[in-house]
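Q: I'd like to zoom in on one part of this protein and understand how it sits in the rest. Could you start with the big picture and then take me there?

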Amino acid sequence: MKQGTVRLIVLVLVAALVLGGIGIAIAGLSSGDGSSTPGSESSEAARTVPAPTTTPEPGAQDPPRPALARFYEQELAWQACGDQECTRLTVPLDYARPSGETIEVAVLRVPAADPEQRIGSLVVNPGGPGAPGTTYASQAGLVFGQPLLQRFDVVGFDPRGTGFSTAVDCVSDEQLDVFLAADPAPDDREEAEALEQAQRAFNAGCAEESGELANHVTTVEAAMDMDVLRSALGESTLTYFGASYGTKLGATYAELFPDRAGRLVLDGAVDLSLDLRQQSLGQARGFETAIRAYVENCVATGGCPLGDSVEAGLQRLTDFLDEVDAQPLPAGGRELAVGNAFYGIVAPLYNRDYWLLLTRALGAAFGGDGRLLLQLADLYSSRGPDGYTDNSAEAILAINCLDDPTAVDPADIPAQVPAFERVSPTFGEVFAWGLAGCVGVRARATVETPEVDASGAPPIVVVGTTRDPATPYAWAEALADRLEPGVLVTREGDGHTGYNAGNACVDEAIESYLLDGTVPEDGLRC
């Protein structure tokens with residue numbers, strides 16, 4: 001499962017229009033969980049992080065190694081992209097061979113609305129891994145609050161291998177359609193063998209189609225690119241907002257460049273200490289919490305197509321997926337297969353505001369029309385009417401499996417299922433089969449993944465949401481504890497990530513930190 005589909009914040013706007021203009025508080029991205037006021041100030045809360053500099057300090061563009069000077073000294077050639085600005089950053093394919101092949105990183109900037117009060121650049125990443133940061137930044141008006149938009153240039157980049165940067169390719173669009181439609185929880189030996197063959201073909205395709213690039217899309221190398229970007233932007237330190245997987249990227253940056261880390265916010269945190277199985281179990285538990293909360297709300301609201309109780313609703317979902325597995329539903333000129341149905345159900349769980357969309361889509365699907373649920377699945381995988389609009393569905397596996405190629409042999413998956421079903425009776429089997437996601441991977445990283453504690457960096461704000469399905473709250477607690485300068489802020493509520501989700505307490509804490517450098521009280525609960 002993706003750890004960062006924050007882009008759904010923007011993309012479901014399209015779904016809302018397609019589904020009939022459902023009146024949802026998208027503009028404020030409200031999750032309806034209420035708000036509170038920040039805790040009282042303490043000596044710890046009074047700490048501040050130095051402000052960015054509009055003019056780089058001496059040495060800000062000094063490279064870590066002389067051989068990287070040409071990258072750190074480059075000047076960005078900005079071009080108009082509507083009312084925004086675009087450019088491309090040049091970085092080495094392999095940092096161990098800086099005189100060798102280069103690749104490009106796409107960058108988009110939304111200038112500060114109040115140039116006279118501009119603080120500097122806020123570099124942002126929406127997660128994934130694989131989600132394009134240029135799209136995230138282009139929708140800054142929906143994602144970030146006005147205080148940040150007034151005073152920061154919001155700068156998004158597509159990490160190496162993704163989006164409009166030099167991008168990995170693994171399979172054709174037609175093959176990707178089949179891959180995503182397949183049953184993610186095989187029922188018999190034939191389906192299991194088909195899923196394994198598809199997974200092996202996908203992972204082999206990444207190496208065959210992308211060549212040497214497939215070996216150089218690690219989180220470590222993307223973090224190195226971020227420091228080149230910092231220098232090219234003319235910033236002495238990096239001011240950064242990373243969501244979901246973007247928290248792993250930001251924490252890795254702070255480990256590699258603690259003296260260049262500025263004000264860093266890591267929202268929807270990933271626990272960097274977990275192995276593959278632990279991480280998958282955590283996500284299974286998180287999505288079980290989310291689907292139960294959704295069904296409970298659906299039943300309580302009345303007129304729920306799932307039935308009159310939570311248990312009945314969960315059973316109806318399970319039965320529905322079995323029915324679609326046996327007979328896909330018509331969906332306009334396409335069909336809704338079981339894989340699409342699963343992704344269409346889980347995508348709206350990332351934000352409570354989208355639960356109404358899911359209810360309407362399920363009601364239509366139960367009546368034999370799979371179009372609305374397929375649209376939600378397409379939004380999850382960035383599929384448009386004429387094909388995929390970005391490569392995020394491919395890049396997520398390419399990056400994850402390069403960072404950690406661990407895979408469980410598909411023959412051993414059935415033995416894992418009971419443990420997963422104990423934490424997630426609804427989705428456990430799917431997450432168990434996800435353990436085989438990297439089977440057959442051929443690409444190999446050439447850089448080592450460091451132990452991350454960010455020692456020497458200034459205070460880093462880590463945000464967790466108590467009922468986050470994709471990055472469980474315990475992960476935020478663990479990351480804040482792991483980072484030597486970590487400071488934990490908690491949002492009580494549903495949905496993925498905590499900032500700009502309808503909680504004024506969280507928003508004030510983050511904005512005060514980014515704008516003024518005021519570090520929140522460690523353990524602030526909103």
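How many helices and strands does the chain have? And then the close look: which residues of helix 14 are buried?

A: Let's start wide. This is a predicted model, where local features need pLDDT of at least 70 and side-chain atom pairs count only at pLDDT 80 or more, while totals for chains, interfaces and linings use all residues. Residues are numbered from 1 along each chain as its sequence is written, and side-chain values use heavy atoms, with hydrogens and water left out.

The chain has 19 helices and 14 strands. Both are DSSP runs numbered from the N terminus: helices are H or I with at least four residues, and strands are E with at least two. Of the 526 residues, 58% are buried. Buried means under 20% relative accessible area, with exposed being over 50% and partly exposed in between (1.4 Å probe, protein chains only).

Now for helix 14, which covers residues 371-381. Here 9 of its 11 residues are buried, so the helix is largely enclosed by the rest of the structure. The buried ones are Leu372, Leu373, Leu374, Leu376, Ala377, Asp378, Leu379, Tyr380 and Ser381.

Keep going past the end of helix 14 and you reach Ser382, which takes a positive phi of about 60° although it is not a glycine. Ser382 sits in the loop between helix 14 and strand 10 (383-384). Ser382 is buried as well, with a relative accessible area of 4%.

Thr497 makes a nice companion: this non-glycine residue has a positive phi of about 75°. You'll find Thr497 in the loop between strand 13 (486-494) and helix 19 (504-516). Thr497 also counts as buried, at 6% relative accessibility.

For another helix to set beside helix 14, try helix 16 (residues 413-423), where Ile413, Gln416, Val417, Ala419, Phe420 and Val423 are buried. Those buried residues pack against helix 10 (276-301) and helix 17 (428-433).

What about the nonpolar interior? In soluble globular proteins, nonpolar side chains tend to be buried together. A nonpolar core is a set of buried Ala, Val, Leu, Ile, Met, Phe, Trp, Tyr and Cys residues joined through side-chain atoms within 4.5 Å. The largest one here has 68 residues, and Leu89, Ile460, Val462 and Leu483 have the most contacts inside it. Helix 8 (residues 219-232) gives the most to this core, with 8 residues. There's also a second, separate core of 54 residues, including Leu314, Leu336, Phe427 and Leu435.

Pick Ile460 to see who its partners are. Contact means heavy atoms within 4.5 Å. Leaving aside neighbours within four places in sequence, Ile460 is in contact with residues including Ala254, Leu264, Leu483 and Tyr513. Across the chain, 77% of the contacts with a separation of 6 or more are between residues 24 or more positions apart.

One last backbone detail: a cis peptide bond joins Gly128 and Pro129, with omega about -5°. Pro129 is in the loop between strand 4 (120-125) and helix 3 (133-138).
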